[in-house]
Every structure is written in structure tokens, then in C-alpha cells.
Amino acid sequence: MTSMKGPGIFLAQFLGDAAPFDTLDNLAEWAAGLGFVGVQIPCDTRLIDVKLAAESKDYCDDLRGRLAKFGIEPTELSTHLQGQLVAVHPAYDTLFDGFAPAELHGKPAERQAWAVEQVKLAARASANLGLSAHATFSGALAWPYVYPWPQRPAGLVEEAFAELARRWTPILDVFDDVGVDCAFEIHAGEDLHDGASWERFLAAVDNHPRARILFDPSHYVLQQLDYLDFIDRYHDRISCFHVKDAEFNPTGRSGVYGGYESWVNRAGRFRSTGDGQVDFGAIFSKMAQYGYDGWAVLEWECALKRAEDGAREGAPFIEHHMIRVTERAFDDFAASGVDKGAIRKLLGLSVEAGEA
């Protein structure tokens, strides 16, 4: 088994207008100074020209070279915002317009077509960058009906996932053509939000080989899912890993649904890595057990702590938890070195019969 790579950091929550958060080069230098060796890059025009990256290996080689000057490499590209727009329920049209260029606002069909093309471009860009996986969201058509009243009509969920599969299968085929995994972050607000919905989607896309998972335990804490059992069940489909923390402290006043409270006042809230309830020691052990060899990427989201402080603490936290997988058994020193004949004698069997 091989060991995972890291520590990496997802740049989306840090990108801004002022240095060092304003350009890819400045962010890379900043991340390297904190001890990170990889950056997960959102497909934002301020950081990457995804169309050019999809068309030009030279552009991608140059981007890698710019990062390498700081001892940094790209871990994955991300199309969380664009992936969300692949499938949008009309109830969210106005809010999700902000994820697309201004000229597409109020035009859901054109916005969706743009999003599909952006994710396909990101697949090709990932290949040109030499990356093996890509991070995204599935979008959601059925989410307004997740806890329904009145009850859902028969067939609604089935049709929602059939449509989701119709939209994503051609995209997944592009990922397959270029040899890159498409890792969906299992996340509340997405139709792929837990193991059951993941299984439903996987069946709908006929177990597509490039349909993979971005594992982020913080979203399992907020839903009260067993994130270790999730790894046991779906480890063979996990291609990306966000190291993000959360806590769940229900009261008689508020629980999983949060009571429309602000993040800081919810029973379930995201915390800076190491400040919440996620058992990262157990998670990293599970990942090592199953031979996960992708990146461990810090995603900072916290209701309390400053982003810069969470980032500064993140690299040593991940490095401390990463496990260099052993290449030999701990009791190899006690190996007896007996031959087959001796083994058969130990079992009380005839040596001659074993030679036949």
C-alpha cells in the first residue's frame, strides 16, 4: 500500500482582493510558508483560465512551474460552484445566479449549459495538469423534498435521480476519456448528501467508473452519520479528502435542522480543524488501512476562528495525522523461515503427499 499525499489546502475560502490572497502565485507562496505542499484550486478566473488549461498543455506546464517555485503542486481542480449549476431546482434559481456570469442571470437553461461545459473543460484541464481526480458538487433537483410535507408523490425521487444521471453521464464520459476521477462532495444541499443518495446516483449512472467521492467528515457530523462506517462501505470510490472539522451539540431548542439560526448559534456548526468532534486519528487510520493514496486537503470553515489562524494550524495538524504505511509486518523479525515440508509436518501431514 502507498501513503497519502499532503498537506494540501483548498484555496476557495481564502481567495480575496488583497495580497497575499489575490493571485495564485501569492497564495502559493503564502501556503508554502505555512507548511503546505499542495493547493486545491477552484476554477475561478482569478486563479486559472480553465478553457486555456483545457486546450494548452504548455499553459498547464507553466502553471505547475509557477507553483513549483514555492515547493507547491496542484492537488485537484474544483468546480463546486459550476457543478452546483448542473442541476438547480427552480426554487433556488435567483440565489444560484450569483455562481454564473452576469450575462446568464435569469436564464437557467443557458446557465446550466455553461456549467456543463465548464465542468467538461475542467476535466480536460485536470488531465493536462497531470491530476488524477477532480472535486465538484452534484447539484440538486430533489433537495426541496428531502423532508417532505405533504409526502412526496411516488416516483418523484426516482425521476430526479434519473434526470441527474442524464445530465452527469456525458460529463462523466469526458472524465473517463481523459483518465480523471470526478469526485462529488457528499454534502447537505446536494442530491448526493449521504450514503443512500450516493448509492441511488451510482445505480442511475450504471456504476460509472469515474463517479467518485470527495470525503469530508464535517458534513457527516452535522447529519449525524457514522463517517468511519462510510469509509468502510465506500472506500473504493473515495478519490478526494477534505480535512474539515465540525461539532454537534443538540439542545431542547435546536438540533440537526438548526432552527434558522446563524452558524455560531446552531447545534451543528463547522469548526477549524482540531477544534471540533471529528476523530481524525481514526479517519486517517481507516484511509491508510484501505490504501488511500490521494491528497489530504485542509478546507477551512469555522463559525469562530479566523481563517488565517485555521490555515496556520492546518498543515502541522495534517502532517501529524498522516500515516506512512508500513511495508512489512511488525512481527517479521520472528519469522521461522521453515520450508513447505516443515510446514506440512507442523500440520501433521505427510511430506510425500505434499510433493505430489
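1. Start with the barrel: eight strands close up in the order β1-β2-β3-β4-β5-β6-β7-β10, and their pairing is parallel. From one strand to the next, the twist averages 30°. Bear in mind as you look around that this is a predicted model.

2. For a closer look at one piece of that barrel, try β4 (residues 133-136) and β5 (residues 181-185). These two strands pair in the parallel sense over four bridges. If you want a spot to click on, Thr136 stands opposite Phe184 in β5.

3. Now for the helices lying on the strands. Helix α7 (residues 156-178) lies across β4, β5 and β6 (211-215), and its direction makes an angle of about 135° with β5. Helix α3 (residues 57-68) lies across β2 (38-42) and β3 (73-79), running at about 125° to β3.

4. How do α11 and α12 cross? The axes of α11 (residues 280-289) and α12 (residues 307-321) come within 9 Å, with a crossing angle of roughly 55°. That angle makes α11 oblique to α12, because it falls in neither the roughly parallel range (under 35 degrees) nor the roughly perpendicular one (65 to 115).

5. Which residues make that helix-helix contact? On the α11 side you'll find Phe280, Gly281 and Phe284, and they meet Phe317, Ile318 and His321 in α12. By type, the residues of this contact split into four nonpolar and two polar, with no charged ones.

Technical notes: Residues are numbered from 1 along each chain as its sequence is written. This is a predicted model: local features need pLDDT of at least 70, side-chain atom pairs count only at pLDDT 80 or more; totals for chains, interfaces and linings use all residues. Side-chain values use heavy atoms; hydrogens and water are left out. Axes are lines fitted to C-alpha atoms, for helices over the stretch in contact, and angles run from 0 to 180 degrees between N-to-C directions. Angles under 35 degrees count as roughly parallel, over 145 as roughly antiparallel, 65 to 115 as roughly perpendicular and the rest as oblique. Contact means heavy atoms within 4.5 Å. Ala, Val, Leu, Ile, Met, Phe, Trp, Tyr, Cys and Pro count as nonpolar, Asp, Glu, Lys and Arg as charged, and the others, Gly among them, as polar. Two strands pair if DSSP finds at least two bridges between them.
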